[in-house]
Structure formats: structure tokens, C-alpha cells
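User: Hi! I have a structure open here and I'd like to go through it with you. Can we start with how the chains meet?

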Amino acid sequence: MFVRHPLFRPLAALAILLLIDLIMIPGFFHLEIKDGHLYGSLIDIANRAAPLILAALGMTLVIATRGIDISVGATVAISGTVAAMLIGGTMVMQNGVPEYVANTPMVWALCAAMGAALLCGAWNGILVAGLGLQPIVATLILMVAGRGLAQLLTDGQIVTVYYKPFFFLGSGYLFGLPFSIYIVAAVFLVTALLMRKTALGLFIQSVGINPVAARLAGLKTAVLIFFVYVFCSACAGVAGLMITSNIKSADANNAGLLLELDAILAVTLGGTSLAGGKFSLAGSVIGALIIQTLTYTIYSIGLPPEVNMVVKSVVVFLVCLSQSAEFKTMWRRAFPARVKGNA
Amino acid sequence: MTNTRSLTSSPYFTSLVTVALLLVLLGAGGWAYPGFLSEQVLFNLLIDNAFLLVIAVGMSFVIISGGIDLSVGSVLALTTMISAWLLQTWHWPPLVVIAISLAIGAGFGAAMGALIHYFKLQPFIVTLAGMFLARGLCYLISINSITIDDPTFVAVSQAQLPVLGGFISPGALIALITLAVAIYVAHCTPFGRAIYAVGGNEQSALMMGLRVGRTKVLIYAFSGFCAALAGVLFSFYMLSGYGLHAQGTELDAIAAVVIGGTLLSGGYGYVAGALSGVLVLGAIQTLIAFDGTLSSWWTKIVIGGLLFIFCVVQRLMAIGAAKK
Amino acid sequence: AKPLVIGFSQVGAESEWRTANTVSIKDAAKKEGITLKFADAQQKQENQVKAIRSFIAQRVDVIAFSPVVESGWDTVLREAKAAKIPVILTDRAVNVSDPSLYVTFIGSDFVEEGRRAARWLVERAKKTPDTVLNIVELQGTVGSAPALDRKKGFEEIIAGNPKLKVIRSQTGDFTRAKGKEVMEAFLKAEGKKINVLYAHNDDMAIGAIQAIEEAGLKPGKDIIVISIDGVKGAFEAMIAGKLNVTVECSPLLGPQLMQIARDVVANKPVPKRFTTQEGVFPAEVAAKEFPNRKY
Amino acid sequence: MSTLTSAPVPVLELRGISKAFTGVQALSGVSLKLYPGEVHTLMGQNGAGKSTLIKVLTGVYAPDQGQILLDGRAVHPSSTLDAQNLGISTVYQEVNLCPNLSVAENIFIGRYPRKLAGIDWRGMQRQATELLERMQVRIDVSLPLAHYPLAIQQMVAISRALLVSAKVLILDEPTSSLDEKEVELLFSVLRGLREQGMAILFVTHFLDQTYAISDRITVMRNGEREGEYACSDLSRLELVNKMVGAPAGSVAAGSAPAAGLGAAAPVAASSKLATLLRAVGLGRKGALMPMDIELRQGEMLGLAGLLGSGRTEAARLLFGADKADSGAITIDDKERSFASPRDAIAAGIGFCSEDRKHEGAILELSVRENLILALQARAGIMRAIPLKRQQQLAEEYVKALGIKTASIETPIGSLSGGNQQKVLLARWLVTEPRLLILDEPTRGIDVRAKQEIMDYVSALCRKGMSILFISSELPEVLRVSDRIVVMRDRKAGGEYPRGALDETSVLHVIAAGADHE
Ligand SMILES: Nc1ncnc2c1ncn2[C@@H]1O[C@H](COP(=O)(O)OP(=O)(O)OP(=O)(O)O)[C@@H](O)[C@H]1O
Ligand SMILES: Nc1ncnc2c1ncn2[C@@H]1O[C@H](COP(=O)(O)OP(=O)(O)OP(=O)(O)O)[C@@H](O)[C@H]1O
Ligand SMILES: [Mg+2]
Ligand SMILES: [Mg+2]
């Protein structure tokens with residue numbers, strides 16, 4: 001019965017990857033307490049996957065409405081840059097002793113960064129829902145210009161932050177676990193609850209499957225679409241803060257580069273169709289974990305960097321094929337005996 | 001029904017609007033920067049974007065059929081790499097190398113098309129994985145760039161075909177021929193029409209008895225072929241094979257096709273729109289190069305801004321036309 | 001007289017180093033009263049070719065550019081030559097069949113930078129003569145010229161030293177985030193075995209230093225950290241004792257470029273190769289050197 | 001009507017076809033023989049398995065069991081293309097054409113007339129125009145299909161099927177959105193084909209049409225073949241009873257003429273009822289000339305007219321689905337303007353569209369979700385209807401309307417056409433609107449269900465709901481409406497109280513509207 005569950009296949013893919021890690025990488029599952037928190041590969045994966053999961057959550061809703069948002073990376077750069085510049089701080093040498101000075105109170109800086117992200121979302125939302133531009137071009141505009149704006153803010157420099165409390169967001173620990181995990185869990189729970197306890201999920205699916213019928217049934221299609229783009233950018237904004245906090249600096253040139261592609265990949269690996277409609281938030285989380293585990297595996301296993309991409313693509317192909325019902329039937333036909341034997 | 005009605009009227013109109021806006025863009029450039037409107041600058045638009053045009057032509061087919069192909073940039077790079085490798089390391093005759101490259105591109109596309117159709121996988125994901133794969137294969141051949149010094153390639157690379165007081169490259173000519181053939185195929189052959197049918201409604205196309213599977217595989221094969229042909233043109237253009245060539249070209253191609261008036265949801269649009277779309281992108285870049293004062297980030301912001309103005313004006317005019 | 005017009009095609013703005021390079025060139029042009037046509041290629045060779053073509057169409061006096069890659073410049077440089085516009089390369093060299101296609105090349109030698117980093121390490125290894133030093137390497141973007149050359153130069157020198165062993169090498173894409181991510185994985189996989197980190201640029205090193213600290217180790221002490229470029233951030237890290245050495249790769253080519261451009265236009269003979277003056281800065285001199293850093 | 005010819009060999013024979021979907025045995029052991037030169041009608045209630053049988057026959061689905069014999073040889077069509085190549089030409093229940101292609105192309109795609117340099121566009125358009133003219137459809141065939149209303153699209157689909165010289169022609173509810181004139185034209189074409197020896201398999205829910213054209217009838221019930229009868233041997237009453245599965249001579253139901261339903265008719269003179277909605281000069285350029293409409297509480301207003309007379313447009317304007325360029329709408333004497341359907345729904349209006357595939361059903365969502373969508377939309381995002389309540393509502397309406405579905409969680413897309421229609425009707429009924437606009441609500445619904453639904457709706461009407469009823473079935477409009485507005489050339493041609501018109505006089509109004517204006 002649960003083999004039929006839509007999350008079964010993504011979970012199985014993740015499990016197989018972890019199994020490979022278990023065999024190939026000694027001490028992969030080893031966790032120890034270091035400085036009062038858990039330390040180990042699994043923690044790294046969760047911590048690293050956090051921004052990707054956030055981006056994927058936002059992307060899931062956009063994709064559910066038949067849209068796509070390729071400006072996620074740019075939004076990450078913008079929000080991270082704004083936060084880093086406002087909190088900023090410089091190192092000054094006083095009598096040969098370095099001292100750190102912060103600029104703006106952190107709360108304000110975070111609000112400003114999220115504000116910037118929401119503005120990005122609103123911009124995308126207006127272009128898609130208001131003007132009816134095709135999502136991919138509408139968000140392409142921000143993808144190109146957004147990173148430019150972030151670089152304009154920093155003059156192309158990497159802005160380093162010297163303010164301890166800010167680091168908590170991306171590399172702090174709470175009850176032994178990375179704080180970013182809590183943020184992701186909170187966003188996931190709130191989103192899932194919104195989908196469950198309100199009619200939002202139903203509406204988003206309806207708009208994604210048949211916008212004309214949805215409008216005739218009385219849905220505010222434009223408002224819904226606007227909302228999902230804002231939500232997606234908000235998620236990207238938080239992801240940007242996390243990334244910035246984690247590397248203690250805002251790199252407008254590279255922060256979140258190509259994050260949108262990984263996010264889309266995560267969404268699809270999780271079983272959501274890019275044609276819109278039915279979606280699975282949990283699936284996207286699993287998809288993101290698959291991608292991060294894969295990346296981590298490649299690093300740990302000691303493959304030469306030249307083959308990274310080939311390995312990644314082969315895994316993606318395999319995961320996709322494993323999810324295809326047609327592939328299963330074909331497999332059955334090709335190897336009838338063996339399947340029976342296994343069953 | 002009104003929604004579909006306004007949709008149907010828009011692509012044709014959008015295409016016209018694109019051409020008009022392109023002329024405005026060029027006019028503005030000529031007014032602001034002396035020398036901008038010389039023949040050679042305009043021909044350079046074609047020469048420099050020949051490979052993009054070829055890719056966009058293949059991409060048009062894919063998008064009209066309701067799919068997408070993200071692998072084109074990588075397939076281009078892979079083609080340059082394979083050509084360079086075969087020429088430099090194995091010293092195969094250039095024509096054979098070109099034929100093999102094109103066949104590999106088409107085969108790569110066909111394989112993706114088959115995965116998409118027979119296993120009902122999503123085009124976005126299959127071609128995204130294809131993009132990683134093709135790039136990865138480049139690095140397996142070599143992570144260095146390989147310079148091509150085969151005399152035929154060098155000769156083609158430096159050939160200049162005189163036209164109207166300026167010149168174009170053989171690559172540009174090949175691109176234009178590809179475009180012409182593609183327009184013919186799209187509008188005057190059953191295969192071309194089947195592409196539109198599949199894009200309009202795949203289920204219906206199947207129920208009407210069209211060979212949907214074959215059409216889809218062929219579409220992706222064609223796109224792969226175009227990407228490989230673009231790769232060959234790129235090898236002429238750059239005389240090198242390199243795994244990092246043409247990064248992000250897939251987005252440029254998609255943008256060009258969409259700006260040219262094709263709907264990403266499939267079914268509506270014109271292959272010829274690829275030309276206007278490519279020229280618009282090229283003109284924006286040329287404008288920026290002529291200006292010569294923009295810093296890196298202002299370059300990005302201005303490209304984004306021009307894209308924005310362009311898309312919005314295009315969209316508003318289309319809405320206006322539909323209201324009329 | 002009419003001001004000199006230089007068309008300059010920059011690779012992009014992918015790193016701080018690159019930005020410093022751009023700023024240096026722009027400032028120098030302004031100071032010298034030279035009109036600079038600047039075009040950003042966003043890391044794409046084809047965009048550079050387009051920019052050079054448009055410089056030719058605009059009939060600038062000198063074309064200068066930092067090539068994205070070494071190969072593939074024959075055709076467009078031939079067009080420049082046909083239009084009688086001299087070409088100056090900065091930062092990276094090109095591979096062309098006919099060396100007369102460019103006048104001169106100003107810039108650093110990536111292979112040499114790799115060698116210098118390795119030489120410093122070899123010296124350092126002499127302090128602990130009996131131990132084997134396990135090295136992990138953070139490469140730049142796969143296939144990019146600095147990554148290839150810095151790896152090559154480094155390997156060339158350590159090849160002769162059996163005590164120095166590269167146990168892991170992975171790409172960190174020249175960024176802090178990736179540098180940190182990859183280093184985390186290295187630390188988990190190799191644990192305490194790692195003695196030395198060699199990063200192809202400062203940004204990756206700074207990211208990796210964070211990873212080392214989070215693993216409860218002391219960068220600079222438990223793990224020797226070597227990097228290349230010499231940006232401000234690296235000096236800060238050295239002052240804090242977390243980075244051991246950075247090999248300078250100077251982006252400040254502007255004044256030199258302007259001077260050479262004037263010479264070229266004035267038909268003065270210029271050498272085919274200018275190597276920029278670059279140093280190796282170990283942590284000991286960082287505090288003293290820090291105030292002098294321009295980027 | 002021609003008699004059964006003595007051709008003893010069937011062109012097409014089905015033997016013991018079974019097909020199951022998850023949770024539903026759609027067909028079990030169905031056999032059927034189709035002879036050349038006959039029109040064979042397949043009848044059965046919604047969800048009886050007619051469309052599934054046709055899809056199995058034409059290679060859309062593979063049968064779980066059973067054989068298909070064509071001219072005595074076993075065939076295994078694996079795609080519609082296969083079936084076409086075998087000489088089986090089909091019009092499926094939902095219009096399966098490409099909205100983006102021109103009408104001419106939709107007819108010819110897959111078999112273009114060729115010319116030296118490719119497709120002979122001119123020839124194709126000329127032939128398409130001629131083909132459609134045979135059915136008296138005069139339209140610009142170079143425009144995209146999406147430009148035309150559903151009825152035209154259906155005619156195009158039929159023309160496409162007629163184009164091939166096939167041995168077998170299959171038509172699954174081709175007449176569901178056609179009006180009588182079109183149906184008659186279609187039938188004359190079919191009769192011609194029958195003369196030429198073609199075997200025609202026809203599906204319809206209209207008894208009149210069945211008797212007008214069929215030679216033989218196969219009745220299906222619950223996925224099984226109930227029996228096969230010569231048309232002349234089976235009375236309407238028997239037919240209906242066999243479809244429903246009642247013992248012979250029990251419930252009498254059918255499309256009996258209006259007289260038989262007098263009992264349900266209202267007694268109140270509708271002029272005395274309070275006005276609910278009044279539209280004055282409502283119009284939209286290119287779609288509807290300005291017209292006035294008045295709707296009273298508890299009254300059913302029928303809109304009669306031929307295809308393309310603007311009924312759907314009028315309904316869409318009233319509902320705010322399209323924006324009116326002129327005119328004003330008042331509800332309860334308060335002026336209202338609807339910028340979107342949402343506003344209209346807030347004002348208590350519901351609109352059940354004629355195009356269920358594109359404008360109604362959200363195919364991948366479940367019956368329950370489809371059913372409560374409009375209610376939930378009105379309640380807003382935050383006030384989610386509790387799942388319990390949703391299930392209760394869904395169960396209630398599934399029962400009340402006799403919707404045949406495996407469960408309320410089944411995706412609506414896997415329901416039969418008629419049952420989908422019922423779910424969409426229920427979508428609006430749950431919102432308890434003050435005014436319900438029904439555009440071809442009984443399209444594709446079987447005779448008995450049609451009767452039940454109309455009774456159900458009439459009862460609601462008696463309770464005070466007002467209804468705007470649009471249907472291409474003139475008798476039905478005449479039968480149930482309290483008042484009738486006849487439309488013609490996209491404008492109102494006149495308003496008549498119940499009983500003032502019969503079928504011929506309506507046609508008269510339409511034909512010679514000038515006298516009545
Ligand atoms: N793709 C499918 N998946 C699951 N069940 C299906 C599918 N198609 C049809 N069914 C089920 O099979 C049964 C027969 O459906 P079918 O469409 O053949 O009915 P029908 O006789 O054509 O009805 P109608 O007159 O309403 O068109 C129905 O119960 C329907 O729910
Ligand atoms: N026979 C026809 N010839 C040409 N155009 C037609 C014909 N029938 C309908 N149309 C088109 O139909 C449109 C109006 O259709 P509308 O849907 O409002 O009519 P309707 O009375 O509701 O018809 P239907 O019964 O098909 O729903 C017109 O714009 C016209 O283009
Ligand atoms: Mg049916
Ligand atoms: Mg209608």
C-alpha cells in the first residue's frame with residue numbers, strides 16, 4: 001500500500017543514496033558532540049540543504065500555478081547583500097588589536113532584507129499576474145537585473161559581516177541542532193498548515209490545472225498568482241539571509257548562483273509536475289535533500305571534479321526513471337521472471 | 001472562450017510588435033551613437049549571433065510543441081569539444097568531423113525526446129539533466145580548451161562573404177539558411193503542422209491519429225541537431241573547443257524565442273520570430289558595447305531594464321490589439 | 001589633440017579581484033585623460049568577441065581585453081589587425097597562430113603563482129622534516145585558466161617532494177560558499193589527517209577557514225592555509241592568524257596599461273610581455289602590509 | 001428508414017470485451033456486432049461504459065480481455081492512428097481537436113492535400129469550406145478553432161471524421177451541443193453514408209434521435225451488454241426501462257412532450273413575482289447587441305435560439321465572465337457592476353458553463369474538491385470548509401444527483417462525461433445561488449438523469465431560486481421555462497410567456513424575427 005504513496009519513490013531514492021554513502025564513506029553516519037552541538041556529515045547535509053529547501057518550497061507553489069521563477073538566485077543575492085551591508089561592520093585596527101563595529105541594529109537589517117525580497121516578489125507577481133507576461137521571461141528580467149542591483153549596492157565587493165549574533169541564523173545551534181533546520185521546519189510547517197487548514201492549497205491547484213475554470217468558479221486567480229510569487233521570493237529572501245550568515249559575508253556575484261535550477265530540480269524530484277496542479281511540499285523537501293546528499297557524496301567520495309556533472313546527471317536520470325510508471329511497465333515486460341522472483 | 005480568443009490574436013501581433021520595436025531600438029542606437037547604423041554593425045549582429053539564431057530555431061520547434069530544451073548550450077559546448085578533439089587529436093577530415101558532431105547532437109536530442117515521450121518524463125528535467133551530462137562529457141574529454149588549427153576550419157572561420165558594402169561570415173549564411181528551412185518545415189510540411197498540433201493539445205493530437213511519439217522525438221532530435229550545428233558554427237567562430245563555452249545560452253535562446261512572439265505554453269508562435277528575438281537581444285548588447293561607459297553591474301541592470309521595457313510594451317500592445 | 005580612445009573588454013565581475021582590476025583600469029584612464037570604452041562580457045567569450053567587433057566598428061585607437069580563455073581569438077584579432085587597431089592583452093595570454101595579432105601582454109603568470117605557493121610550502125615543510133604533510137586542494141572553476149595553471153604550477157614544485165601529498169582535490173568554484181561546503185566534506189572524510197589547505201583563491205580559503213573553525217580546529221595552526229590573490233580579506237585573516245600565506249596576483253594593471261597604450265599609439269617599441277610585480281605575503285608581514293593594500 | 005439489409009457478415013465484431021480501471025469495472029464481457037449499411041445506436045445511462053467501449057475499440061485503451069474482429073480477422077489497434085488505418089473513423093465524446101490550429105487544418109491534419117512545394121493550403125481551405133457547407137456551417141475556415149463555440153467545434157470534429165472514406169464511423173454523442181437543425185443535417189449526411197454501405201456506431205442520450213436514425217440499438221448497463229434490439233421492435237418505454245434496469249412496464253420515463261409534465265408546472269403567473277435582476281442594454285462589441293433581460297424570483301427563464309445566436313454571450317456578460325461594454329445590471333433595484341465572476345457570485349449568481357472540459361472541470365482534482373470549489377471560493381481562503389462538511393456535502397449531492405463515481409475522492413477526470421456534468425451542476429447548487437445560469441446543463445446526460453435533474457432544478461425554482469436556462473433542445477426549453485426569450489443574430493428577438501410558443505413558432509420567430517420586433 002505505501003509503495004503506492006507518491007512520496008515513496010523520492011524517499012527510496014534518498015535512502016539508496018544514503019546507503020551508498022554508508023558503504024562507500026567510512027564514518028558517514030557518525031555523529032559526535034562538539035562544542036555542545038551535534039557534528040557530522042548528516043548535520044552538514046541538513047545545514048547546507050536548508051537554503052535549497054526554502055527555495056524549493058517557494059518554487060513548489062509557483063510551479064503549482066503553472067509558473068516558474070528563475071529569479072530566485074538574484075533574490076538571494078539581493079536580500080543577503082542588503083542584510084550584510086546594513087549590519088556590515090568593519091574591522092578597525094586599534095593599537096594593533098582588531099575590533100568589530102556594527103552599523104544598523106540587526107532587526108532592522110533583517111526587516112530591510114526581507115522587505116527587499118518581498119519587493120522582488122511583488123515585482124515578479126505584477127509582471128506575471130498583472131501584465132500577463134510569461135513567467136519565464138518575467139522572472140528572467142529580475143534574474144538579470146537583480147544580481148546587477150546587488151552588485152551595484154556592493155560595488156562588486158564581497159561584504160564581510162563582523163557581527164556575531166547574525167551568524168546564528170546560518171551557523172548557530174539550538175539544542176544541539178543547526179538553527180537553520182528550525183527555520184526550515186517552521187517555514188515548512190506554516191506553509192503546510194496554510195495548505196491544509198485553509199483553502200489555499202485547493203485554490204492554487206485549481207488555478208494551476210485549469211485557470212479558466214478556476215476564474216469562473218469565482219477564484220481571484222490574479223491575486224493568488226501574485227501571492228505565490230511573493231511567497232517564493234520571501235523564501236528566497238530567508239535563504240539569502242541564511243547563506244550570507246553562514247559564510248559571514250555577502251557575495252553578490254556568486255550568492256545563490258543557479259539556485260533556481262536546483263530548486264526546480266528539487267521540486268520535480270519530489271514528484272510535482274511542472275505542468276502545474278497537484279504539488280507536494282514534503283516531496284520538494286525530499287528532492288532538495290536528494291540533491292544536497294548527492295553533492296555531498298560527490299565531495300566526500302573523492303571523485304575528480306571533472307566528473308561531478310556526469311554523476312549528477314546520471315543520478316537525476318535514474319531518479320526520474322524510477323518515478324516513471326511507463327518505465328516500470330517496460331521493465332516488467334523486459335524482465336518478467338526476475339520481477340516475479342523478487343516479489 | 002474570450003481568453004483563448006485573445007490568445008489566438010496575440011502571437012501574430014506580438015511578432016509584428018517585436019519587429020517594430022526592434023526597428024525603434026536600432027533607430028535609437030543610431031541616433032545616440034554615431035556609426036551604430038553602419039552596414040557592418042548590422043551585419044555583425046548576424047555574424048555574432050549566428051549560433052544563437054540556429055539554437056533559437058531549434059528551440060522554437062520545441063517550445064511550439066509545448067516543451068523546453070535546456071541542454072542546447074551544453075550540447076553546443078560538447079560539439080565544439082568533440083570537433084576540436086577529433087580534429088586535433090585524431091586528425092580526422094573536417095567534413096567527417098562535422099557530420100559526426102551533427103549526428104551526435106541529433107542523437108543526443110532524440111534520446112532525450114524518447115525519454116520524454118516514452119517514459120512520460122518532464123522535458124524541463126530531462127533536458128536539465130541532459131545539460132549537466134553534456135557539460136560533464138566535455139570535461140571528460142578535456143578540461144582544457146583545445147585550439148583548432150585545421151586549415152578548413154581556419155579558412156571558413158576567416159572567410160568573409162561580401163554583401164552590400166559589408167561582409168557576413170559563412171556561419172551567418174548557414175544560420176539564415178537553417179532559419180529558412182525551418183520556416184518551410186514548420187509551415188509547409190505535415191511534420192511542422194504536427195508540431196503545432198502537439199503543442200495545441202497533445203491528447204487531442206493523439207486522438208486525431210497523429211504520430212505524437214515520433215513527432216516529439218523528432219522535435220528534440222531537431223533541437224539537438226540545431227544545437228550541434230550551432231556548435232559547429234561556434235567552432236568556426238572561436239576555432240576552439242572548450243567545456244565552458246556558451247554557458248547560459250539556453251536562457252538566451254528561450255528569451256529570444258519568447259520575445260519573438262512564441263508562447264511558452266505551446267501551440268502558438270512563428271519560427272521566424274526567433275530571428276527578431278535574437279536580433280533584439282543582439283541589438284541590446286551592441287547598444288551597451290557602443291555606450292562603453294557601463295560597469296559590469298550597470299550592464300546587467302540595463303539589459304534587464306531594456307528587456308523589461310520591451311516585454312511590457314509588447315504585452316501592452318498585444319492587450320490593446322485584443323481589446324480592439 | 002584628440003584624446004586617445006581605448007576599448008576594453010572585461011571578463012565580468014565574478015570576484016573581488018576582478019572588480020579591483022576594473023576599478024584600476026577605469027581610474028587610470030580617467031587620470032590620464034583617456035576615453036575608455038568599457039564592455040563587460042559576463043564571463044562569456046562570445047560576448048567578448050562581440051565587444052571587440054563593436055570596438056572595431058567604432059574605430060577605437062587601441063583594443064585591450066582580459067581574455068576569458070586562451071583559445072579562439074584568431075578570427076576576431078585578424079579583423080582588428082585588418083582595421084589596423086593594435087591589441088593589448090591583460091591578465092591572461094591568448095593562444096594564436098600568429099603572435100603579431102597582439103602587441104603585448106601585461107599580466108601575471110598563473111603557473112608561477114602556483115609555483116610560488118608550493119615553494120613557500122616546501123620551505124615551511126623544512127621546519128618539520130620528519131612528518132608527511134597531507135594537502136587538500138580547493139580548485140577554481142573547472143576548466144578555467146587560473147584553476148588549470150595554479151594547479152599545474154603547484155604540482156610541478158611539490159612533485160619533487162615525497163613528504164607533500166595532495167590527498168583531496170575538488171572544485172570550489174572560486175566562491176566562499178562552495179569553498180566552505182567542500183572543506184566541510186573534506187574534514188568529515190579525512191578528519192585530522194589534513195595538514196595543509198591549498199586554495200586557488202582567497203575567497204575559497206576564507207570560506208574553508210570558517211569550516212575548519214566550525215570543526216573545532218585552528219586554521220593557520222592545525223591546518224596550514226595557503227591561498228592566492230592577496231585581497232584585503234586575506235590580509236585580515238592573516239592578521240587574525242587564520243591564514244598562513246597569500247601569493248599576490250595583482251589586479252592593478254590600469255596605470256601600466258595606459259602607459260603602454262600611449263607607447264603603442266606613438267609607435268614606440270614595446271616588449272611582448274610585461275610581468276606585473278607581485279609578491280608573496282606570509283602572515284608575519286600582514287599587519288605591516290595591510291594599510292598599503294588597495295583592494 | 002431502410003430495412004435491415006441481408007448482409008450477414010459484420011464488418012466489426014467485439015467479443016467479450018472487458019476493461020477495468022482502478023476501482024471500476026467499466027466493461028465486462030461486452031459483445032457487439034456492427035454490419036455494413038446500418039446505424040447502430042449504443043444506449044445506456046451515464047457511466048454505463050459506452051465511451052470506454054469506443055475507446056477500447058479505437059485503440060485508446062487496451063482491453064483486459066476480449067477480441068476485436070474486423071472483417072472476420074482479429075485486430076489489435078494500439079493507437080487511434082492504427083484504428084484509422086484499419087478504416088475506423090471516430091468522433092470522441094469530448095471534442096478532441098487542437099484549438100490553436102485553423103478549422104481547415106483541424107479537419108485535414110494527418111492527411112493534408114499535397115502540392116509540389118508542400119501542403120496545398122488553398123485546396124485544403126476550399127475543401128474544408130465545402131465540407132462544412134454540406135452541413136450548412138458557413139464560417140471562415142482559416143481562423144483558429146478556439147475562435148468558435150463548442151457547437152461549431154463539434155461540427156468540425158464530425159467533418160473530420162467524415163473526410164476519410166472509412167468502413168466504420170463511430171460517433172460518441174456528436175449531437176450533445178447541436179440544435180435540431182444541425183442534427184437533421186447531420187442525419188441526412190449519415191443516411192447518405194449508410195446508403196453507401198458504411199457501418200455507423202452512434203451514441204446519444206436523445207430518444208428522438210435514436211428512433212430517427214437507428215436500425216438497431218444495443219443497450220448497455222453497468223458495463224455490461226443488456227441486449228441488442230431492432231429499433232422497430234423496441235418501444236421507448238421498454239428502451240428506457242432496459243437502460244435503467246427496471247422490470248418491463250414499471251417506471252415510465254422519457255422525453256415525453258410537455259403535456260406529460262404539466263403536473264410540475266407552476267401555477268403562479270410569473271408576472272406577479274418580484275424582480276431579482278434586471279439588465280438594461282447589456283451588450284458587448286462583436287458578441288452581443290445591447291439587450292434587456294429581467295429575471296424574477298422563483299422563475300425559470302428560457303433562452304432559446306440557434307447556435308451562435310448569442311445565448312452563451314449573454315450569460316457570460318450577466319455573470320461578469322466577459323466585461324460588458326454597455327448596459328447596466330441591477331439586483332434588488334441596486335445597480336451592480338461585475339468586473340469578474342467573483343463579483344457576480346458574491347451577488348448570488350451561479351453559472352454552469354457549456355464547455356465542461358475547458359471552463360468547468362478541474363480534471364485532476366477529486367469530485368469532492370470540484371464540487372465545493374465555488375462554495376469555498378465564496379467563503380474565501382481563510383475560512384476553509386471543514387473536511388467533514390465537504391465530505392458530507394459531496395456525499396449528499398452525489399446521491400441527490402445520482403453521480404456514478406467510485407468514491408468522492410476519485411479525480412473528476414475519470415468520471416464519464418455525463419457524471420462530470422452532474423458534478424459541475426452540483427458545484428453551483430451547493431452555493432445556493434439566488435440566480436443560477438445553466439448553459440446547456442443537460443449536455444451529455446442520460447434521459448432519466450435529465451428528467452431527474454430538471455425536476456430537481458425546477459423544485460429549487462419553486463423554492464425561490466431563479467434560473468436562466470439555456471439549451472439547444474427546444475422542447476426542453478419550452479417545457480420547463482416560465483418565460484422564454486428568443487434570441488437571434490446575437491440579439492433578443494422577443495419575449496414570450498409559457499405556452500405562447502411551440503417549437504414551430506419559435507423557429508418562426510427566429511426565421512422571421514422582423515415581424516416580432
Ligand atoms: N480513465 C478512467 N479512469 C478510471 N475510470 C474511468 C476512466 N474512464 C472511464 N472510467 C469509468 O468507467 C465507467 C464508464 O465510463 P464511460 O465514460 O464509458 O461511460 P459512458 O457510458 O460513456 O457515460 P456518458 O454517457 O456519461 O458519457 C465510469 O464509471 C467511469 O467512471
Ligand atoms: N453557424 C455559425 N456560423 C458562424 N459563426 C457562428 C455560427 N454559430 C456560432 N457562431 C459564432 O458563435 C458566436 C456566438 O456564440 P455564442 O456562444 O454566444 O452563441 P450561443 O447561442 O450560446 O450558441 P451555442 O449554442 O453554440 O452556445 C459568434 O461570435 C459566432 O462567431
Ligand atoms: Mg460517454
Ligand atoms: Mg451556448
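User: How many salt bridges are there across the interface of chain B and chain C?

Analyst: Keep in mind that this is a predicted model. The rule finds two salt bridges across the interface of chain B and chain C. One of them joins Asp48(B) to Arg53(C), with the closest N and O atoms 2.4 Å apart.

User: Which helix gives the most residues to the side of chain B that touches chain C?

Analyst: That is α2(B), with six residues. By class, the side of chain B that touches chain C has 19 nonpolar, 19 polar and four charged residues.

User: And how much area do chain B and chain C bury between them?

Analyst: About 3,000 Å², with 53% of it on carbon and sulfur atoms. The contact takes 42 residues from chain B and 35 residues from chain C. There are also 14 residue pairs in polar contact between chain B and chain C, both partners being at pLDDT 80 or more.

User: Okay, now chain A and chain B. How many salt bridges are counted there?

Analyst: Between chain A and chain B the count is zero. The rule does find eight residue pairs in polar contact across that interface, again with both at pLDDT 80 or more. The side of chain A that touches chain B has 29 nonpolar, 10 polar and five charged residues.

User: What area is buried between chain A and chain B?

Analyst: About 3,900 Å², and carbon and sulfur atoms give 82% of that. Gln134(A), Met309(A) and Phe317(A) supply 15% of the area that chain A buries against chain B, more than any other three residues. In terms of contacts, 44 residues of chain A meet 44 residues of chain B.

User: Let's go back to salt bridges. How many does the structure hold over all chains?

Analyst: It holds 53 over all chains. A good one to look at is Arg115(C) with Glu156(C), where the closest N and O atoms are 2.7 Å apart. Arg115(C) is in helix α4 of chain C and Glu156(C) is in helix α5 of chain C, so the pair ties together parts 41 residues apart in sequence.

User: What about Lys180(C), which residue does that one form a salt bridge with?

Analyst: Its partner is Glu214(C), with the closest N and O atoms 3.0 Å apart. Lys180(C) sits in helix α6 of chain C and Glu214(C) in helix α7 of chain C, so this pair links parts that are 34 residues apart in sequence.

User: Are those two buried or exposed?

Analyst: Lys180(C) counts as buried, at 0% relative accessibility. Glu214(C) is partly exposed, with a relative accessible area of 22%.

User: Moving to chain D, which residues are linked in a network of salt bridges?

Analyst: The network links Arg278(D), Glu294(D), Arg296(D), Glu299(D), Arg483(D) and Glu495(D). Chain D also has a salt bridge between Arg194(D) and Asp215(D), with the closest N and O atoms 3.1 Å apart. Both Arg194(D) and Asp215(D) are buried.

User: Last topic: how many disulfides are there over all chains?

Analyst: The count comes to zero. Cys232(A), for instance, is in no disulfide, and the nearest cysteine sulfur, that of Cys235(A), is 6.6 Å away.

User: Why does Cys98(D) have no bond to Cys188(B)?

Analyst: The two sulfurs are too far apart for a bond: the one in Cys188(B) is the closest cysteine sulfur to that of Cys98(D), yet it is 18 Å away. Cys98(D) also counts as buried, at 0% relative accessibility.

Methods: Residues numbered from 1 in each chain as written. Chains lettered and ligands numbered in written order. Predicted model: local features only at pLDDT ≥ 70, side-chain atom pairs only at ≥ 80, totals over all residues. Heavy atoms only, no water. Disulfide = S-S within 2.5 Å. Buried < 20%, exposed > 50% of the residue type's maximum accessible area, 1.4 Å probe, protein only. Contact = heavy atoms within 4.5 Å. Buried area = accessible area lost by both parts, 1.4 Å probe. Salt bridge = Lys/Arg side-chain N within 4 Å of Asp/Glu carboxyl O. Polar contact = N/O pair within 3.5 Å; in protein donor to acceptor, adjacent residues only side chain to side chain. Nonpolar A, V, L, I, M, F, W, Y, C, P; charged D, E, K, R; others polar. Helix = DSSP H or I, 4+ residues; strand = E, 2+ residues; numbered from the N terminus.
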